[in-house]
Amino acid sequence: MNKNSIFVHESSYIDEDVKIGIGTKIWHFCHIQSGASIGESCSLGQNVNISNNVKIGNQVKIQNNVSIYEGVELEDGVFCGPSCVFTNDLTPRARFPKGRAFYHKTLVKEGASIGANATIVCGNTIGKYAMIAAGAVVTQDVPDYALMAGVPAKQIGWVCECGNVLDNGFVCEKCERRIIIKRNN
């Protein structure tokens with residue numbers, strides 16, 4: 001890690017054995033734990049915790065008050081809204097911790113967006129460019145380009161890579177991109 005090519009606010013803690021890509025900014029009161037890998041040109045807002053061995057791609061934006069727990073991976077271009085929540089254990093107990101061998105993996109694929117206060121239950125994959133509405137609770141895999149909302153989250157439509165909701169077919173009225181939906185992703 002070349003500390004001259006990244007910004008880390010003086011109130012944040014970076015543990016040993018952490019990789020941080022050039023152009024990344026880490027703001028107030030963050031903690032990056034050992035074994036974590038953060039790509040290039042990322043932005044971590046205030047009070048973000050990146051747990052041990054978490055992998056974060058390039059150009060990821062994580063807003064304030066988000067914890068990315070071990071077992072969660074964010075691919076390139078993912079957006080995590082303020083106070084969204086990730087889990088890594090389906091049956092946690094304070095008195096009977098199971099450890100990392102029992103964490104359920106969560107993958108957030110390229111370009112996906114997760115709204116403020118959404119909860120992502122572990123063991124699921126969020127597809128490329130999918131959009132999770134604010135406050136939604138994801139309890140199952142999400143297809144590429146799906147628009148998900150509610151508790152539990154249900155698919156209510158499709159979105160373009162630019163973020164526009166697709167109203168008429170799979171051609172974006174905003175950027176004119178044609179979206180190809182693969183039903184088994």
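Two exercises on strands and cysteines follow, each with a worked solution.

The model is predicted; local features need pLDDT of at least 70, side-chain atom pairs count only at pLDDT 80 or more, and totals for chains, interfaces and linings use all residues. Residues are numbered from 1 along each chain as its sequence is written, and side-chain values use heavy atoms, with hydrogens and water left out.

**Exercise 1.** Find which strands pair with β21, and in which sense.

Solution. Start with the terms: strands are DSSP runs (E, at least two residues) numbered from the N terminus, and two of them pair if DSSP finds at least two bridges between them.
- Step 1. Strand β19 (residues 131–132) runs parallel to β21 (residues 146–149), joined by 2 bridges. Methionine 131 has leucine 147 of β21 as its bridge partner.
- Step 2. With strand β22 (residues 154–158), β21 pairs in the antiparallel sense over 4 bridges. Here alanine 146 stands opposite tryptophan 158.
- Step 3. β21 and β22 form a hairpin with 4 residues between them. In the turn, glycine 150 has a positive phi of about 100°.

**Exercise 2.** Determine how many disulfides the structure holds, and check cysteine 80 and cysteine 122.

Solution. A disulfide is a pair of cysteine sulfur atoms within 2.5 Å.
- Step 1. The count is 0 disulfides.
- Step 2. For cysteine 80, the nearest cysteine sulfur belongs to cysteine 84, 4.4 Å away. Cysteine 80 is buried (under 20% relative accessible area, 1.4 Å probe, protein chains only), at 0%.
- Step 3. For cysteine 122, the nearest cysteine sulfur is that of cysteine 84, 15 Å away. Cysteine 122 is also buried, at 4%.

Notes:
Buried means under 20% relative accessible area, exposed over 50%, partly exposed in between (1.4 Å probe, protein chains only).
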